[in-house]
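Visitor: Before we begin, could you take me through this structure by giving the reason behind each label that you use?

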Amino acid sequence: MTTLTSITLAKALNAGLRKAMEDDPKVVLLGEDIGALGGVFRVTDGLLKDFGEGRVIDTPLAESGIVGTAIGLAMRGYRPVVEIQFDGFVYPAYDQIVCQLAKLHYRSGGRWSLPVVIRIPFGGGIGAVEHHSESPEAQFAHTPGLNVVACSNPVDGYWMIQQAIASDDPVIFLEPKRQYHAAKADISLDESPQSLWASRVVREGSEATLVAYGPTVATCVAAAEEAERQGRSVGVIDLRTLSPLDLDPVLAAARATGHVVVVHEAHVNLGMGSEVAARVMQECFHSLEAPVLRVGGYDTPYPPSRVEESWLPDVDRVLEAIDRSWSW
């Protein structure tokens with residue numbers, strides 16, 4: 001069995017990018033400092049040396065230009081992979097993404113495919129300054145024509161980046177930056193990966209269900225483990241794909257437990273949790289023992305780093321939400 005042993009998310013993404021570039025010479029990478037530096041999080045480390053300046057392209061600080069160039073490359077048969085250095089930097093490219101990238105396939109009657117992947121490190125927890133810790137996923141998931149996915153661990157990072165690059169449609173690929181160099185995992189290269197468009201049951205539970213993605217998956221697993229120590233059985237589901245949403249495992253768990261809490265770092269108001277809660281309420285109303293609750297960032301701009309731990313959803317806030325659901 002071929003295995004990548006004890007590998008972090010950053011190294012798993014690097015290995016996935018490398019494999020995609022080896023398999024398809026049309027895969028090219030674009031971004032700020034992705035070449036000589038290897039990316040600020042070292043996700044593209046070593047790829048310039050092995051694939052050259054024609055396929056690993058250091059760009060100017062011009063996000064709109066980077067995405068516009070990727071769209072043009074895709075229309076000429078390439079499979080561009082864009083790195084947005086930090087989540088808050090994506091907004092200068094917002095017009096290119098939602099007005100051009102998301103619409104060209106539909107606008108051309110299907111004549112053009114846009115196989116563009118836009119990698120965005122997202123979320124907080126690394127003590128960064130303003131514009132470096134945002135969670136823009138709902139804005140892109142709300143745009144028809146874009147697919148939006150979020151990995152949460154090294155195994156998914158390795159497989160999902162290759163699947164996203166192989167997709168003929170544009171993919172917003174969200175990477176939880178505080179997990180880049182956190183937990184390690186072994187990746188078996190002989191096993192078939194899970195579909196890119198499927199959520200995953202991380203942990204079974206019979207009394208409540210936590211729904212999360214990206215960085216809050218680890219938070220929810222820690223909360224479920226703490227609940228278990230207190231004698232409660234709590235399950236965790238990693239959505240993985242935000243658009244399209246795969247809610248079948250969530251609906252099944254909601255019908256079984258009757259208690260659902262959705263957890264994400266983005267603001268609660270009109271966030272992904274709103275859509276998940278509405279769909280669960282719509283499909284499972286008669287099975288629920290309490291309203292679907294949401295735990296997320298507060299409705300403020302992301303705070304200064306010295307107080308971010310008070311802003312981010314943590315184990316205590318998740319456990320408190322479970323208690324509120326049980327006490328309904």
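Guide: Let us start with the record, and please keep in mind that this is a predicted model. The unreviewed UniProt entry carries the annotation "domain: Transketolase-like pyrimidine-binding", which covers residues 7-182. Over residues 7-182 the chain is 36% helix and 17% strand, and the C-alpha atoms at the two ends are 10 Å apart.

Visitor: What makes Lys49 and Asp50 a salt bridge?

Guide: The rule asks for a side-chain nitrogen of Lys or Arg within 4 Å of a carboxyl oxygen of Asp or Glu. In the pair of Lys49 and Asp50 the closest N and O atoms are 3.7 Å apart, so the pair falls within the 4 Å cut-off. By this rule the count comes to 17 salt bridges.

Visitor: Why is Lys49 called exposed, and why is Asp50 called partly exposed?

Guide: Exposed means over 50% relative accessible area, and buried means under 20%, with partly exposed in between. Lys49 has a relative accessibility of 73% and therefore counts as exposed, whereas Asp50, at 41%, counts as partly exposed.

Visitor: How do you know that Glu175 forms a salt bridge with Arg119, and which parts of the chain does the pair link?

Guide: The closest N and O atoms of Glu175 and Arg119 are 2.6 Å apart, so the pair satisfies the 4 Å rule. Glu175 is in strand 7 (residues 171-176) and Arg119 is in strand 5 (residues 117-122), so that the pair, 56 residues apart, links distant parts of the chain. Both Glu175 and Arg119 are buried.

Visitor: Why do you say that Glu207 and Arg232 tie together parts of the chain?

Guide: Glu207 forms a salt bridge with Arg232, with the closest N and O atoms 3.0 Å apart. Glu207 lies in the loop between strand 9 (200-203) and strand 10 (208-212), while Arg232 lies in the loop between helix 8 (216-229) and strand 11 (234-238), so the pair ties together parts that are 25 residues apart in sequence. Glu207 has a relative accessible area of 25% and is therefore partly exposed, and Arg232, at 36%, also counts as partly exposed. Elsewhere, salt bridges that share partners join Asp156, Arg200, Asp238 and Arg240 into one network.

Visitor: What makes you say that the buried residues of helix 9 line one face?

Guide: In helix 9 (residues 248-257), Val250, Leu251, Ala253, Ala254 and Thr257 are buried. Seen down the axis of helix 9, these buried residues fall within an arc of 165 degrees, and so they line one face of the helix. On the other side of helix 9, Asp248 and Ala256 are exposed.

Visitor: How many cavities of 30 Å³ or more does a search of the whole structure find, and which residues line the largest cavity?

Guide: The search finds one cavity of 30 Å³ or more, and about 30 Å³ of space lies in the largest cavity. Among the residues lining the largest cavity are Phe41, Glu83, Arg119 and Tyr180. By class, this lining has five nonpolar, one polar and three charged residues.

Visitor: How much space lies in the largest pocket, and which residues are the closest to its centre?

Guide: About 440 Å³ of space lies in the largest pocket. It is lined by 26 residues, and Tyr91, Glu134, Ser135, Gln139 and His267 are the closest to its centre. Helix 6 (137-141) and strand 13 (260-267) are the elements that give two or more residues to the lining. The lining of the largest pocket divides into twelve nonpolar, ten polar and four charged residues.

Terms used. Residues numbered from 1 in each chain as written. Predicted model: local features only at pLDDT ≥ 70, side-chain atom pairs only at ≥ 80, totals over all residues. Heavy atoms only, no water. UniProt positions renumbered as here; feature names shortened; annotations may be inferred. Helix = DSSP H or I, 4+ residues; strand = E, 2+ residues; numbered from the N terminus. Buried < 20%, exposed > 50% of the residue type's maximum accessible area, 1.4 Å probe, protein only. 1 Å grid on protein atoms, 1.4 Å probe; cavity = no way out; pocket = protein on both sides within 12 Å on 5 of 7 lines; lining within 4 Å. Points joined across faces, edges and corners; volume = space filled by probe spheres on them. Nonpolar A, V, L, I, M, F, W, Y, C, P; charged D, E, K, R; others polar. Arc of directions from axis to C-beta.
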